[in-house]
Amino acid sequence: MSDNPGAPDSPPGPGAARRDRAARVHPLARFLIRRILLAVLMAWGITLVTFILTNLVPGDPVAANLGQRALGDPAIVAQWRAEHGLDKPLWQQYVIHLQGLFHGDLGVSQQSHRPVSQDLAEFVPATLELAGAAILVSLLLGVAFGVIAALRRDRAADHVLRLLSLIGISVPTFWLALVAFYVFFYRLQLTPGSGRVDAALGGAAPAVTGLQTVDALLAGRWDVFTSAVGHLATPALVLALYTIGLLTRFTRSAVLEVLGQDYVRAARAKGLPGRTILFRYVLRSALVPVITVAGLAFGSLLSGTVLVEAIFAWPGIGQYAYKSATTLDLPAVMGVGLVVGIVYLVINLIVDVLYGVIDPRVRLQ
Amino acid sequence: MATRSQTAAVLLAGALALAACGSGGSSQSPAASGGGGKTLVIDTSFDLKTADPGRTYEPTGLIVGKAVYETLLTFDGADVTKPVPALAESYELSKDGKTLTLKLKKGATFSDGSPVTADDVVFSLTRVRDMKGTPSFLLDGVEVAKTDDSTITLTSKTANPALPYILPNPALGIINSKLAKQHGATEDAQDKAEQYLNSASAGSGPYEIESFNVSSQVTLKANPKYYGTKPAYDKVVIRNVEAATQKLNVQRGDSQVALNLSGDQVTGMPATLQVKKTASANVIFLLANQDSGVSKTTPNAKFVEAVRKGVDYAGLLELAGEGATQAPGVIPSQLLGALPAAAATKRDVAGAKAALAASGLTNPTVKLEYPSELTVNGLSFQPLAERVQANLKEVGITVDLQPAPVTTALDNYRNGKEELGLWYWGPDYPDPSDYLAFLPGKTVGLRAGWKAGAAKEIEAAGAKAAVAIGDDARKAAYEDVQTKLNASGPFIPLIQPSQNIVTAASVTGLEYHPVWTVDVADLGVK
């Protein structure tokens, strides 16, 4: 064994150094780096998939964007194609698209004639504000309801909450949006109408973050803020209802499962106060599956916004995506695809990281 | 054990719900109070691409263009049969119909205070023509020149009696050439001023653009330097809203104007709202392809006759709702040269069956292509297509429905590949000459596989109409073209759907206009 140059007494080789460095990196950091690298790879995959799918769509973008008469002039058609890079082979178009992406350039929208990035900067915050408010409400209510239902198992509160969650899951969101708009806005006159703020207040708070509520606070415009919150309330609650139902059910079963575990019974036998047991033992373990569900739910919230945005005339990414798709505005469609894909990636990343934080066993895998 | 956290959760939920309702209830729209805030909210389903007048060709864009830019001539209210002065105080068409001379009004200014000059006019019109945007065709072959500081001449190679009817199009709005040039405006395809014109206005109209967003909202503010009558509203918000929501908004007072309600949606409106029902200038028609390479069935003249006689026009009107009218010809009722209602085809099932028998076809099956999600004035094409299918079934023609999304369906339509097609045509400008496009070898004719030379008599009638001068001569000529088209052409005009505009009781002066839908500067407060 001592003849072996790799024996312990000889100087450590490059492999050992790597192992050493790796050992010095905190397992959580290593876990994070691995996840982020994976996310970057996935982001590249998204660009490829959106590009291919977008270019598979039947229909001619030239015809969709040039006027009927301009189409009759081959010179104009050729110029338009050249201007939008459509005269090049597909792979070259993809390379150009990728090069642009590295410079933060998503191309120019054929419908608005503005950089797609500028359009997205306008529409994405509106959707994030809506979906963000919805997920926040869902988390607060869904987890609370789930815990209550579990603790009150088979009693009246449990039955009521389970029924409510079943309704929340079963009712189609767009239908609920229509009904909510009709009932709260039109019949009861409790909520304000379409859009993000009252028409007369539009633009009163300068866009800083793009989130209307935050911008209103930054500008110190209380009237804009209340109007924005009012406009946000109904669509956000409508969007949240499904997720609330989902989270209630998952939290309930997760809490019930943990409550049956030996360590909880032991803690209880030791005489620890109920609150400590609930927050330190039960919720901590139960949160892992709940986070998974919440992450997935956020994704479905984003797609759910398309119809809700249409009904509440909410100027978000859903309306932009629909308009881009129906006018064959390829750069805009790719931009939307990329952003939505990246939002999903980020959520998955956050979910993974939260796992690691909550449950140390996950980091080691 | 967990009662405390439980209570906390319930309290939190309650607080959230209260917060949501409370803040919502407190924010009543100031616009809802009518004229008080002097803000007018118009809800419409956006069809908008740009605010650059020289590139505008979509209904919503034309509303914006009409408010922000002024044209040489315009129309008074809804009457499109007589152009009236706007930036030009008078006009005169030469006897041969080739030269239009316009005298500019004095004292007109742009929103930056500078005067509107003959040079601005020449630049604006030349720019529209030469940068080859969608509306460029409006001035095809028209030379624009300045004779002196207040005289403009437009010269066409052939007689162009339609020109005074074309000039009111908001696409031909006069822009502040100095300002526009500073922001990239040129008189050729290299023009780069669009982005600037999407955020600021360079016009002399009663309104200026405050904010512009193609997918959600356009805000206009009154132009403080406007030299004409000041508009009644300080601010006009045009929002992109679905038709169903439009209805609730206007009923609740959240908006004052709803532009896209269907006939069904405006029935039973409360008496507090004003409902204006007018036949729109859009004509929905069927086309039967004349190209034997596309179909063995539809080029048969007797087959087309069977379809023409087999359609139940009254049934289609029921679908379209009140205010809709049957289209007697391809030219809509508002325009000079429209056929009288009495000339419309009546349903004749026996006649249709006889025509089908004479065609020599037995149990023909044809494909009917149409845009599935397109709605015209709130009317969807799907039920229309289904009704036509049912009508023709009674005659013995099997119709195979082939719906497709607009962008896909348009490809086949524009390339003349549809066997039977269901489409509509809205006037580019309110002049019958726009409908010469339906003749053999022209835009719509070719889409029906109708090549030049395919119907010599109709083409001769069209050529005669194109150069006819004087209202009476033109009226007679265009009626003749349509009568001939109805007798043997491949088009079957169906209906003009109703344009239903609902306004709050406080809004006065609303007129439906076939080109720009509504002139916001004309609207008043009661």
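In helix α8 of chain A, the buried residues are Leu176(A), Ala177(A), Ala180(A), Phe181(A), Phe185(A) and Tyr186(A). The model examined here is a predicted one. Helix α8(A) runs over residues 173-187, which makes 15 residues. From its first C-alpha to its last, α8(A) reaches 20 Å, close to the 21 Å expected at 1.5 Å a residue. An α-helix has 3.6 residues a turn, so residues three or four places apart point the same way. It is helpful to keep that in mind while looking at the buried positions of α8(A), such as Ala177(A) and Phe181(A). The partners of these buried residues come from both chains: α10 (222-259) and α12 (274-311) of chain A, together with α7 (243-252) of chain B. After α8(A) comes Gln189(A), with a positive phi near 55°.

Positive phi values turn up elsewhere too. Asp154(A), a residue other than glycine, has a phi near 65°, and its place is the loop that links α6 (116-151) to α7 (156-170) in chain A. In chain B, Asn377(B) is not a glycine either, yet its phi is positive at about 55°. Asn377(B) sits in the loop between strands β16 (375-376) and β17 (379-380) of chain B. Is Asn377(B) buried or exposed? With a relative accessible area of 14%, Asn377(B) falls under the 20% cut-off and is therefore buried.

Attention now turns to the nonpolar interior. The largest nonpolar core holds 72 residues, and those with the most contacts inside it are Leu368(B), Ile397(B), Leu422(B) and Leu494(B). Helix α11 of chain B (residues 381-395) gives the most to this core, contributing six residues. For Leu368(B), leaving aside residues up to four places away in sequence, the residues touched include Leu286(B), Ala385(B), Val388(B), Val399(B) and Leu422(B). Asp400(B) and Gln402(B) are also among the contacts of Leu368(B). Apart from this core lies another, of 40 residues, among them Ile42(B), Leu48(B), Ala200(B) and Tyr233(B).

Finally, there is open space to explore. The second largest pocket has a volume of about 1200 Å³. It is lined by 41 residues, and the closest to its centre are Trp80(A), Glu83(A), His84(A), Val108(A) and Gln110(A). Elements giving two or more residues to this lining are α2 (27-56), α3 (61-65), α4 (74-83), α5 (90-102) and α14 (330-358) of chain A, along with α6 (194-197) of chain B. Sorted by class, the lining of the second largest pocket has 17 polar, 15 nonpolar and nine charged residues.

Key
Residues numbered from 1 in each chain as written. Chains lettered and ligands numbered in written order. Predicted model: local features only at pLDDT ≥ 70, side-chain atom pairs only at ≥ 80, totals over all residues. Heavy atoms only, no water. 1 Å grid on protein atoms, 1.4 Å probe; cavity = no way out; pocket = protein on both sides within 12 Å on 5 of 7 lines; lining within 4 Å. Points joined across faces, edges and corners; volume = space filled by probe spheres on them. Helix = DSSP H or I, 4+ residues; strand = E, 2+ residues; numbered from the N terminus. Nonpolar A, V, L, I, M, F, W, Y, C, P; charged D, E, K, R; others polar. Core = buried A, V, L, I, M, F, W, Y, C linked by side-chain atoms within 4.5 Å. Buried < 20%, exposed > 50% of the residue type's maximum accessible area, 1.4 Å probe, protein only. Contact = heavy atoms within 4.5 Å. Expected span 1.5 Å × (residues − 1).
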